[in-house]
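Student: Could we go through this structure together, one question at a time?

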Amino acid sequence: MEKEKIVEMRNIRKTFLNNVANNNINFVVYKGEIVSLLGENGAGKTTLMKILYGMYTKDSGEIFVNGKKVEINSPKDAIALGIGMVHQHFTLVRTLTVLENVILGLPSPKGINLDFDYARKRLQEIIQRYGLVVNPDAKIWQLSVGERQRVEIIKALYRNINVLILDEPTAVLTPQEVEELFKTLRIFKKEGKSIVFISHKLEEVMEISDRIVILRNGVVTGERRKEETNARELARLMVGREVIEVLREKTSVTEKSPLLKVEGLKALNDKNLVALKGISFSVNKGEILGVAGVAGNGQRELEDVICGVRKPISGHIFLDKDEISGRSPKEIIRLGVGRIPEDRMESGLILDLPLYENLVIEFYDKPPFSKGMLINYKSIKRFAQKLIKEYRIKTASIDVKTRTLSGGNLQKVILARVLSQSPKFIIASQPTRGLDVGAMEYIHEKLLEARNNGAGILLISEDLHEVLNLSDRIMVMYEGEIMGIIDRSKEKVDIEELGLMMAGAKRRKVS
Amino acid sequence: MSWPTIKLEKRLPPPVWFQVLTPVIAVFISLLISAIFILILGKNPITAFYYILKGSIGTWFAFKEMLVKAAPLILTGVAVAIAFIAKYWNIGAEGQLYAGALAAAWIGMLNLPLPKPVYILLVITVGFIAGAIWSGIPGYLKAKLKVDDVVTTLLMNYIMIYTVSALLNGPWRNPVTMYPSSTPIAQNARFPIIIPRSRVHFGLIISLLAVLFMYFLVRKTKLGFEIRATGANPSAAKFLGIDTIKSIIVISIISGGIAGLAGVGEVAGVHYHLIRGLSPGYGYSGIIIAMLGRLNSIGVLLAAIYFAIIINGAQFMSITLNIPSYIATVIQGITLIVMLAMLLLFEYRIKIGRSK
């Protein structure tokens, strides 16, 4: 039986600078179905839906709604066509009430006067019909994250949409709230509305969807009806088969002694939700422990805690005998931790300062760079000259504003600064994201060199190739927990199993 | 219905030589705009600008008076500039100036049996501390509790200005003249005159030392590096191990102290007692001077001298041409707006289009 096509996107292409986010994607939404867009971060799911919602303009391709070709230039156009979207980050005015937020931006039937009575009646209808419980007169700031999401959904429904796009809606919800949300979604479906559910979580996708479209690196790698597939197959489609294992030389450090020990570490994220649920692991001397996992599963918080910019709520981190959790960045650097942060532009460097200052910024207050209250710029500049030669950092001079360097060279600046201090332990988060192949290989080489010289390295990366390329052991994180650790000196990596663990569908016992 | 849309788009920064020239261009543009106002008043702007120069640097006497005016402007300019480098938005130099003046007058009126150098040093120290406290409070609130510094520093100006007013109308009122001004400070507490037969006092030397201090602080010291890093990107600075809270608190204290010295100079070098209206807005002018000087020590020095010329010259011009001397304030305001607009246009270009 052929179902009615509500939305059809044909050959959608979208590039950001040199990055192809959507490469000729075809995507259909049928009436009264829940279709999931499954994929890792950066696969192009959100981009595709933002094109449909009029937030991005496509480079090429066509969109049909109810069989008619349409141009969608803004969310307003999308809403007029019956398409609504709930973003990962909400777009509500915190100081206004639920009711005010819902009618914000809509023309009022009473002209210049707002018709609150009418709006309230419709709002109550929607709340009752779909079980979206929320107090219309509560101010947004008083609401929980789950309630705010409901307000966003109500907002869309109030605008009479037929297709509702939800971007990672469960990321911010508690399990109970997820259940509530799923109930609501099933009511929509019964009424003939369609839902696009963006997610990277296999279990949820298997639970709620009728159909699943899998994206990887901007292309559709598969489309399955729920009945004809299973988590294993989806994991493979999501992660990809072509991942080739590169065997690296064995580490030169033979004795396995734990260098960094993490014990029962618990931490909150910026939204005050528990992001690390009491994890324990250790990194040995002379090894790279790679952390695999879809972004947003606690890696960022782990990085922050180790780097000293997020206080854990409980647990310990020991570097040799020293406790480092809860210490300041300066103390942590002094204890021998080298930090290559994910956010190199906003954390790792101060782009408006000259290059030579960025090369010493983590230790400018140590001799020979300063003495008493004074800084010895002569010795700093000499040191900076040496580093840019040693690490082949391309720059007009060491005096330029750091901002003028290219991405790869910026990362080399951080690398040079960190490695120049011969740290015992290095945390490297997304060390090669956005870099060209040359810079990437150079950085990999340097990290392996540091490992061979006995440093312990915690490598956090969304790039599975990178994790597989560099790691001696692979740890998979999902929802703030460790799903398992694969020791490659003992076993080969099973890609499917890795994919399942990353998507939360399989858990190993962690010894 | 369609409205034209105005958008700001990022652009590449202009070459360095142009950035150095910016203040000069800003001054030029602001004078052009001011000329329009003078024309509206029915006077010839060229004549007006001639009298401004004549009244401020045209004679040896006028030049010396200009230096008297420059001293507090340099100090407030430096005070604001070092604060702004750390992005501590100290709008409160005016209040800190009054705090310094109040403290200097208090110590000066005690008539302590001290030799002149010691007494002067004491007056300076106490004035510095008073300004430092008045700025340290909002600095601490900003650093520790993220209280908006623009609001606190601005509002604390009024607290201090009215406190001074209350004192002068109450306990400190001059019992002989019954004017709202304090009794004179001790002879030994007064700054020496450094150019004979003029009002140019020791405060000018202090202000030049402050410029030197700023140069040294920013370019040579750890604290200077820390405030530059904190100002450029506070979260990155924190990540990289800089104690941004300490940097902001320390610089707020130093900034307020230097602004306090401007008040000390006015009391101990010019008036010899505390009066209402001691400062015709030196603290606020300091903000414009800091911006016009591009937060650079030499730039601040030049900008302060330019302002001293405008302020004193406008007074002379207004008497000669019968134009309100408020034109000086107008020129100051326009200069700031032009400067800010130019700094904005360094980073963005304006794009006007039509919305769909």
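Tutor: In helix α9 of chain A (helices are DSSP runs of H or I, at least four residues, numbered from the N terminus), A:Q299, A:E301, A:L302, A:E303, A:D304, A:V305, A:I306 and A:C307 are buried, where buried means under 20% relative accessible area with a 1.4 Å probe, protein chains only. This is a predicted model, in which local features need pLDDT of at least 70 and side-chain atom pairs pLDDT 80 or more, while totals for chains, interfaces and linings use all residues. Residues are numbered from 1 along each chain as its sequence is written, chains are lettered from A in the order in which they are written, and side-chain values use heavy atoms, without hydrogens and water.

Student: Why is helix α9 of chain A largely enclosed?

Tutor: The helix covers residues 299–307 of chain A. It is largely enclosed by the rest of the structure because, of its nine residues, those that are buried number eight.

Student: How much area do chain A and chain B bury between them?

Tutor: Buried area is the accessible area (1.4 Å probe) that two parts lose on being put together, summed over both. For chain A and chain B, 63% of it lies on carbon and sulfur atoms, and the area is about 2,000 Å².

Student: Which residue of chain A forms a salt bridge with B:R228?

Tutor: A salt bridge needs a side-chain nitrogen of Lys or Arg within 4 Å of a carboxyl oxygen of Asp or Glu, and the count between chain A and chain B is one. The closest N and O atoms are 2.7 Å apart, and the partner of B:R228 is A:E357.

Terms used:
Buried < 20%, exposed > 50% of the residue type's maximum accessible area, 1.4 Å probe, protein only. Helix = DSSP H or I, 4+ residues; strand = E, 2+ residues; numbered from the N terminus.
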